[in-house]
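Work through the two exercises below with the sequence and the model in view, and try each task before reading its solution.

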Amino acid sequence: MKIQVKDLSGKPQGEVEVPFTVIENAKGTQAVHDAVVAIRAAGRSGTACTKTVGEVAGSNKKPWKQKGTGRARAGSLRSPLWRGGGVVFGPRPRDYTKKVNAKVKQLALRKALGERIRMGDVLVVEDLVVSAPKTKEVLGILGALELAGTTLLVSGENNRPLYLAARNLQAVEVTTADLLNTYQVLRPDKLVFSRSALEKIGQRINRKK
């Protein structure tokens, strides 16, 4: 399978072979699901916390005597039944991360990226460079490539000028080939790879674990 290569002005510059084998059948669907669930779960802070009876303010003194008052018996001001009392079975700090092994992550990335390529959602450019870290530079690239909607720009290596130029655009995300994950592949409308980034992705996917 081949993808057309363009320059940043949108002019064709030949074609490039996809550097990995695209999965044709349903293999890898579960791996994609597991990888996305793990990525989303890892983004949860897990800091929700409520106080138990042993943590809320208040003494252990019995509010009134057990019998003779006509009121319901009560043993503590910190009872969950009372305002300001402890919370029963409330949320506590926890870690939401899920374990996904390296082979499953690799299979998920291969499957997700292969599907996006098959659907025509992946573009390849010679290089993702900007002359200055200005938003209008990225807007010019998107306009020349006729891109609308959400877009992911993937460079071969850390490109700070490109990141600075795109960070004010809510619909544009910038990453590198080393950091690209399955969720980032599936989320945007279009993906734009530099030629070097596509080569590095191929090396990641074809690497034997």
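Angles between axes under 35 degrees count as roughly parallel, over 145 as roughly antiparallel, 65 to 115 as roughly perpendicular and the rest as oblique. The model is predicted, so that local features need pLDDT of at least 70 and side-chain atom pairs count only at pLDDT 80 or more, while totals for chains, interfaces and linings use all residues. Residues are numbered from 1 along each chain as its sequence is written, and side-chain values use heavy atoms, with hydrogens and water left out.

**Exercise 1.** Determine how helix 1 and helix 2 are oriented to each other, and which residues meet.

Solution. Helix 1 (residues 29-42) packs against helix 2 (residues 102-118) at an angle of about 110 degrees, with the axes 8 Å apart. The two helices, helix 1 and helix 2, are therefore roughly perpendicular to each other. In the contact (heavy atoms within 4.5 Å), Thr29, Ala31, Val32 and Ala35 of helix 1 meet Val104, Leu107, Ala108, Lys111 and Ala112 of helix 2. These residues divide into seven nonpolar, one polar and one charged.

**Exercise 2.** Describe the surroundings of strand 4, beginning with whether its residues are buried or exposed.

Solution. Five of the five residues of strand 4 (residues 151-155) are buried, that is, under 20% relative accessible area with a 1.4 Å probe and protein chains only. Thr151, Leu153 and Ser155 point one way, whereas Leu152 and Val154 point the other way. Strand 4 pairs in the parallel sense with strand 5 (residues 172-176) over five bridges, where leucine 153 has valine 174 as its bridge partner. Strand 4 also runs parallel to strand 6 (residues 190-194), joined by four bridges, and leucine 152 stands opposite leucine 191 there.

Methods: Axes are lines fitted to C-alpha atoms, for helices over the stretch in contact, and angles run from 0 to 180 degrees between N-to-C directions. Ala, Val, Leu, Ile, Met, Phe, Trp, Tyr, Cys and Pro count as nonpolar, Asp, Glu, Lys and Arg as charged, and the others, Gly among them, as polar. Buried means under 20% relative accessible area, exposed over 50%, partly exposed in between (1.4 Å probe, protein chains only). Two strands pair if DSSP finds at least two bridges between them.
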